[in-house]
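Please set out how the strands pair in this model and how its cysteines stand. A short report is enough.

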Amino acid sequence: FLERARLDSLGDGTTVLCALLEPAERSIHVANLGDTRCVLGRLPLQHGEAAKDGECAAVRLSVDHKPNLPEEARRVRGAGGSVRCLQGCWRVVRLAPRRRSTLRTARARRARLQLALAAAPAAQLGGAGCTTTLAISRALGDRALKPIVSCEPSTTSLRLTPRDQFVVLASDGLWDVLTDEQ
């Protein structure tokens with residue numbers, strides 16, 4: 001995919017979420033990249049768990065790959081990237097390629113970058129020779145941020161019980177405004 005994207009000059013990326021139900025094994029397997037999320041609705045136990053009639057508990061089966069998660073931040077930094085909060089949103093940051101410079105020009109470039117990061121909307125911080133940012137730490141595509149943004153998914157497998165009623169698979173468009181429980 002990345003080779004085809006390079007040939008076609010495509011820089012786009014996407015999140016991924018898939019769930020495989022195996023009825024014979026009474027199990028579910030989930031894989032995801034980015035901030036798409038899978039939540040299982042589970043009825044409470046008869047005794048010991050308080051809930052309204054028919055209300056389910058939320059069981060998250062995926063990981064939101066956000067740059068501010070400690071494990072993700074370590075991985076991003078280990079791959080040569082940076083994690084910064086820009087206008088209230090944590091982002092993976094790849095600085096523009098460094099040119100050979102003196103200490104004085106390096107300080108000036110760093111100062112200009114800090115001003116740009118503080119002042120410009122995140123959408124304007126892309127392009128050739130500029131800083132590239134992304135609000136997730138794992139995705140398919142986004143070749144300008146490889147290998148800082150990983151394409152290795154998180155996976156979860158769970159044995160289902162008769163209490164498990166439904167599964168919601170949705171993007172951040174839903175999860176940015178609703179909690180798992182809603």
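The report below takes strand pairing first and the cysteines after that.

**Strand β3 and its partners**

This is a predicted model. Strand β3 spans residues 27-33 and is mostly covered. Of its 7 residues, 6 are buried. β3 pairs with strand β2, residues 16-22, in the antiparallel sense. It also pairs with strand β10, residues 154-159, again in the antiparallel sense. On the β2 side, Leu-21 stands opposite Ile-28 of β3. On the β10 side, Val-30 of β3 stands opposite Thr-156.

β2 and β3 form a hairpin with 4 residues between the strands. Within this hairpin, Arg-26 takes a positive phi near 50°.

**The open sheet**

Strands β6, β7 and β8 make up an open sheet of 3 strands, in that order, with antiparallel pairing. Which strands stand at the edges? They are β6 (82-86) and β8 (132-134). Each has a single partner strand, so one side of each is left without a neighbour in the sheet. From one strand to the next, the twist averages 40°.

Strand β7 covers residues 89-94 and pairs with β8 in the antiparallel sense. Val-93 has Thr-133 in β8 as its bridge partner.

The bridge counts for the pairs described here are as follows.

| Strand pair | Sense | Bridges |
|---|---|---|
| β2 and β3 | antiparallel | 7 bridges |
| β3 and β10 | antiparallel | 6 bridges |
| β7 and β8 | antiparallel | 3 bridges |

**Cysteines**

A disulfide is a covalent bond between the sulfur atoms of two cysteines. How many disulfides does the model hold? The count comes to 0 disulfides. The cut-off for a disulfide is a pair of cysteine sulfur atoms within 2.5 Å.

Why is Cys-18 not bonded to Cys-38? The closest cysteine sulfur to that of Cys-18 is in Cys-38, 9.6 Å away, and this is too far for a bond. Cys-89 is in no disulfide either. Its nearest cysteine sulfur belongs to Cys-85, 7.2 Å away.

Are these two cysteines buried or exposed? Cys-18 counts as partly exposed because its relative accessibility is 42%. Cys-89 is also partly exposed, with a relative accessible area of 28%. The cut-offs behind this call are under 20% for buried and over 50% for exposed, with partly exposed in between.

Definitions and conventions:
Residues are numbered from 1 along each chain as its sequence is written. This is a predicted model: local features need pLDDT of at least 70, side-chain atom pairs count only at pLDDT 80 or more; totals for chains, interfaces and linings use all residues. Side-chain values use heavy atoms; hydrogens and water are left out. Buried means under 20% relative accessible area, exposed over 50%, partly exposed in between (1.4 Å probe, protein chains only). Helices (H or I, at least four residues) and strands (E, at least two) are DSSP runs, numbered from the N terminus. Two strands pair if DSSP finds at least two bridges between them. Axes are lines fitted to C-alpha atoms, for helices over the stretch in contact, and angles run from 0 to 180 degrees between N-to-C directions.
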